[in-house]
Amino acid sequence: MRWIDHVLLELSVMDRWDDPAHKAEVLATFDEGRRLYQAQVDALSGSGR
């Protein structure tokens, strides 16, 4: 999770994007991955592990 958060931060401040739509797409992909991993962490935390 920390790695994804770090990458999201780096990508969001990066100014080398040629196309704002591409930046939005990449950020959305990482956001979705983060949500999926967070759901797995939450599920494990809720199961008493």
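**Valine 41**

I started with valine 41 and looked up its accessibility in this predicted model. Its relative accessible area came out at 37%. Buried means under 20% and exposed means over 50%, so I put valine 41 down as partly exposed. I then checked where valine 41 sits, and found it in helix 2.

Next I wanted a distance along that helix, and picked lysine 23 as the partner. Valine 41 and lysine 23 are 18 residues apart in sequence. From C-alpha to C-alpha I get 27 Å between them in space.

**The whole chain**

I stepped back to the fold. I count 2 helices and 0 strands in the chain. The C-alpha trace spans about 45 × 15 × 10 Å along its principal axes. Of the 49 residues in the chain, 16% are buried.

**Helix 2 by itself**

How far apart should the ends of helix 2 be, at 1.5 Å a residue? With 27 residues, I expect helix 2 to span 39 Å. The C-alpha atoms at its ends are 38 Å apart, which agrees nicely.

I also asked which residues of helix 2 are buried. My list reads Val26, Leu27 and Gly33. Looking for what covers the buried residues of helix 2, I found that helix 1 is included.

**Helix 1 against helix 2**

That sent me to the pair. Two packed helices are described by the angle between their axes and the distance between those axes, so I looked up both. Helix 1 covers residues 2-13 and helix 2 covers residues 20-46. Their axes come within 10 Å and cross at roughly 165°. Angles over 145 degrees count as roughly antiparallel, and therefore I note helix 1 and helix 2 as roughly antiparallel to each other. I have the crossing of helix 1 past helix 2 down as left-handed.

Which residues make the contact? From helix 1, I wrote down Trp3, Ile4, Asp5, Val7, Leu8, Leu11 and Ser12. From helix 2, the contact takes in Lys23, Val26, Leu27, Phe30, Asp31, Arg34 and Tyr37. Sorted by character, the residues of this contact divide into 9 nonpolar, 1 polar and 4 charged. I was pleased to meet Val26 and Leu27 again here, having just listed both as buried.

Definitions and conventions. Residues numbered from 1 in each chain as written. Predicted model: local features only at pLDDT ≥ 70, side-chain atom pairs only at ≥ 80, totals over all residues. Heavy atoms only, no water. Axes fitted to C-alpha atoms, helices over the stretch in contact; angles between N-to-C directions. Helix = DSSP H or I, 4+ residues; strand = E, 2+ residues; numbered from the N terminus. Parallel < 35°, antiparallel > 145°, perpendicular 65-115°, else oblique. Left-handed = near helix turned anticlockwise from the far one by under 90°. Contact = heavy atoms within 4.5 Å. Nonpolar A, V, L, I, M, F, W, Y, C, P; charged D, E, K, R; others polar. Expected span 1.5 Å × (residues − 1). Buried < 20%, exposed > 50% of the residue type's maximum accessible area, 1.4 Å probe, protein only.
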